[in-house]
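Work through the exercises below with the sequence and the model open. Try each task before reading its solution.

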Amino acid sequence: MAKPTIPMIRNQWYVAAYGYEVGRDLLARTVCGEPLALYRTEDGDPVVLADRCVHRRFPLSESRLDGDKVVCGYHGFTYDKTGACVYVPGQQRIPRTARVSSYPVAEQDSFIWVWIGDPAQADPTAIPRAPWLADDEWTSVYGMEPVAARYSLLVDNLLDLSHETYLHGGYIGTPEVAETPITTEVDDDAGIVYVSRHMADAECPPFYSESTGLSGRISRWQDIEFAPPCLYKLHSRIAPVGSVPNDDGSDPDAFHVEVVYAITPETESSTHDFWMVARDFALDDQGVSDFLAENNRTVVLQDVEALDVLERVLTGEPDGYQELSINIDTGGLAARRLMDRLAAGESTAAAAAVAR
Ligand code: FES
Ligand SMILES: [Fe+2]
């Protein structure tokens, strides 16, 4: 197995920001190597423009808004929300090429999603859902951590939770996570990887004992649903040993936690790690929210530290190093295969475009 490197896939929706981050101040963020400037119009619609003035490259994110227009902070070139230049200083004629790219954008489930690739292919109905975050029946905590590593390393990390036992002991890891075999399924048509680990009788880690109040042994289910390349969902079910959901799907004895990650490549070797934890219990308990936010951030930072190390290892190693994969890696390998397919589709389309 070669290096776990998947090229950045441009014709996909990515989370560029949380909705609350984007407002009437310009926000800079890089996605798939493209520097972006994000803001909202006076009506509240999100706008994403290339963050580079066409004149002398001054970042629009360092500039100012005039109504719905962006006025470059260097010499005043002014762009409307489509990226078209509507004013240049010192002359009436606006050069035909005076425009910056504007990117398809959509707001859904508390995220600002952006499409970096071919705009003609951007279909907002294809954006994967994470409905809990904006749902009053659930309470969420969230954050974003920068990772100095290629995004495929974060995909590997999240698809194989056996690392919880070793990297996150004392938080979410217990011996049973690494010991319990997984089942992996792939829906090739929908492009989804499912990885499940159901622990019938497991130690309750502090993350769940403190938040649910359960003590002693628990039934702990981890059901991963990953829509490559960006949206990862871990459906986590915590219940007393022996408890199973009712035939009608109701599950009154269990605590449900939806752990969502949006994995957004920033550059070839850095990643935005958006994380959220939504729960269907203790909805108004600020103490539980504070605990889960603090603990999950700590867990994410443990991953970030490991991935940053791995990126340095990968960068420094000679070509030809052979990875070894075992049963725990089937989910990660399936994800790599789907992402390779997406990347190959893109290079084929690009080659066809050149040939035309
Ligand atoms: S660099 Fe923007 S107006 Fe000159
Ligand atoms: Fe982790």
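The exercises that follow concern a predicted model.

**Exercise 1. Overall form**

Task: Decide how the radius of gyration of the protein relates to that of a compact globule.

Solution:
- Step 1. The protein has 356 residues, and for this number a compact globule would have a radius of gyration near 21 Å.
- Step 2. The protein has 22 Å, and therefore agrees with the globule value.
- Step 3. Along the principal axes, the C-alpha atoms fill a box of roughly 75 × 50 × 40 Å.
- Step 4. Of the 356 residues, 51% are buried.
- Step 5. The exposed surface is about 16700 Å², and carbon and sulfur atoms supply 50% of it.
- Step 6. Among contacts with a separation of 6 or more, 59% come from residues 24 or more positions apart.
- Step 7. The secondary structure consists of six helices and 17 strands.

**Exercise 2. The iron site**

Task: Find which residues coordinate the iron ion (ligand 2), and state whether the site is regular or irregular.

Solution:
- Step 1. The donor atoms belong to His163 (NE2), His168 (NE2) and Asp303, which enters with two OD atoms. Their distances to the iron ion (ligand 2) are 2.1 to 2.3 Å.
- Step 2. Along the chain, the donors follow the spacing H-x4-H-x134-D.
- Step 3. The angles among the four donor atoms run from 58 to 140°. A tetrahedral site would need all angles between 85 and 135 degrees, and a square planar one would need opposite donors over 155 degrees apart. The site is irregular.
- Step 4. Both His163 and His168 are buried.

**Exercise 3. Two residues of helices α1 and α2**

Task: Are Asn157 and Glu164 buried or exposed, and which residues does each touch?

Solution:
- Step 1. Asn157 belongs to helix α1, residues 151-159. Its relative accessible area is 10%, so Asn157 is buried; the cut-off for buried is under 20%.
- Step 2. Leaving out residues up to four places away in sequence, Asn157 touches His163, Asp303 and Leu307. Of these, His163 and Asp303 also supply donors to the iron ion (ligand 2).
- Step 3. Glu164 sits in helix α2, residues 163-167. Its relative accessibility is 4%, so Glu164 is buried too.
- Step 4. With the same sequence neighbours left out, the residues that Glu164 touches are Gly169, Ile172, Gly173, Val177, Arg220 and Gln222.

**Exercise 4. Strand β16 and its partners**

Task: Which strands pair with β16, and how many of its residues are buried?

Solution:
- Step 1. Strand β16 covers residues 255-267, and 11 of its 13 residues are buried.
- Step 2. Strand β15 (residues 231-240) pairs with β16 in the antiparallel sense over eight bridges. In this pair, Ile238 stands opposite Phe255.
- Step 3. Strand β17 (residues 270-279) is joined to β16 by 10 bridges, again antiparallel. Thr264 has His272 of β17 as its bridge partner.
- Step 4. β16 and β17 make a hairpin with two residues between the strands.

**Exercise 5. Another hairpin and an open sheet**

Task: Describe the pairing of β12 with β13, then give the strand order of the sheet that contains β6 and β7.

Solution:
- Step 1. Strands β12 (residues 183-187) and β13 (residues 192-203) run antiparallel and share five bridges. Asp187 is the bridge partner of Ile192.
- Step 2. Four residues lie between β12 and β13 in this hairpin, and Gly191 takes a positive phi near 70°.
- Step 3. The open sheet has four strands in the order β5-β6-β7-β8, with antiparallel pairing. Its edge strands are β5 (64-66) and β8 (85-87), each of which pairs on one side only.
- Step 4. Within the sheet, β6 (residues 69-71) and β7 (residues 78-79) are joined by two bridges. Val71 pairs with Thr78 there.

**Exercise 6. A loop residue**

Task: Where is Ser101, and which residues does Ser101 touch?

Solution:
- Step 1. Ser101 is in the loop between β8 and β9 (105-108).
- Step 2. Its relative accessible area is 41%, so Ser101 is partly exposed.
- Step 3. Not counting residues up to four places away in sequence, Ser101 touches Val48, Leu49 and Ala50.
- Step 4. Thr298 lies 197 residues from Ser101 along the chain, and their C-alpha atoms are 37 Å apart.

Methods
Residues numbered from 1 in each chain as written. Chains lettered and ligands numbered in written order. Predicted model: local features only at pLDDT ≥ 70, side-chain atom pairs only at ≥ 80, totals over all residues. Heavy atoms only, no water. Pairing = 2+ DSSP bridges. Buried < 20%, exposed > 50% of the residue type's maximum accessible area, 1.4 Å probe, protein only. Contact = heavy atoms within 4.5 Å. Donors = N, O, S within 2.8 Å, 3.2 Å for Na, K, Ca; no water. Tetrahedral: all angles 85-135°; square planar, octahedral: opposite > 155°, others 65-115°. Rg over C-alpha atoms; globule rule 2.2 N^0.38 Å. Areas by Shrake-Rupley, 256 points an atom, 1.4 Å probe, with all protein chains shown as cover.
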